[in-house]
Amino acid sequence: MQHLPATGYLRIHQIVGCQRTKTPAIIPVSRSTWWAGVKSGRFPKAIKLSPRCTAWRVEDIRSLMAYFNGGSVA
């Protein structure tokens, strides 16, 4: 698992991983599953940093990880 900064933003390839760049997944789901979860409200809402740059707050990803881990982030 990769180290998460205390604050900031994460792009989708940092969250679900990327085989091309060998980035490990924080949340092991596919991109389409991630976007479906965002749309349904299961995953955190995205933030548009610019017209072509979408990201998620690190704090929201940490909260999601804690939820999946039963309250504790490993």
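## Close-ups of a small sheet and its helix

**View 1. Where β1 meets β3.** Strand β1, residues 9-10, is joined to β3 by 2 bridges, and the two strands run antiparallel. Look for Leu10: the residue standing opposite in β3 is Trp56. Keep in mind while looking that this is a predicted model.

**View 2. Where β2 meets β3.** On this pairing, 3 bridges link strand β2 (residues 47-50) with β3, again in the antiparallel sense. To find your place, start from Lys48, which has Thr54 of β3 standing opposite. Follow the chain from β2 into β3 and you go round a hairpin, with 2 residues making the connection.

**View 3. Strand β3 by itself.** This strand takes in residues 53-57, and it's mostly covered, with 4 of the 5 residues buried. Buried here means under 20% relative accessible area. As you step along the strand, it helps to remember that side chains in a regular strand alternate between the two faces of the sheet. Two landmarks in β3 are Thr54, opposite Lys48, and Trp56, opposite Leu10.

**View 4. The whole sheet.** Put the pairings together and you get an open sheet of 3 strands, ordered β1-β3-β2, with antiparallel pairing. β1 and β2 are the edge strands; each has a single partner strand, so one side of each goes without a neighbour in the sheet.

**View 5. Helix α3 against the sheet.** Helix α3, residues 58-68, packs on the sheet and touches both β1 and β3. Its direction makes about 55 degrees with that of β3.

**View 6. Stepping back to the protein chain.** Starting at the N terminus, the elements come in the order β-α-α-β-β-α, which adds up to 3 helices and 3 strands. With a radius of gyration of 12 Å, close to the 11 Å that the globule rule gives for 74 residues, the chain is as compact as a globular protein of that length. Its C-alpha atoms fill a box of roughly 35 × 30 × 25 Å along the principal axes.

**View 7. Surface and contacts.** How much of the protein chain is buried? Buried residues account for 32% of the 74. The accessible surface is about 5,000 Å², and carbon and sulfur atoms hold 54% of that. As for contacts with a separation of 6 or more, 42% are between residues 24 or more positions apart.

Notes:
Residues numbered from 1 in each chain as written. Predicted model: local features only at pLDDT ≥ 70, side-chain atom pairs only at ≥ 80, totals over all residues. Heavy atoms only, no water. Buried < 20%, exposed > 50% of the residue type's maximum accessible area, 1.4 Å probe, protein only. Pairing = 2+ DSSP bridges. Rg over C-alpha atoms; globule rule 2.2 N^0.38 Å. Contact = heavy atoms within 4.5 Å. Areas by Shrake-Rupley, 256 points an atom, 1.4 Å probe, with all protein chains shown as cover. Axes fitted to C-alpha atoms, helices over the stretch in contact; angles between N-to-C directions.
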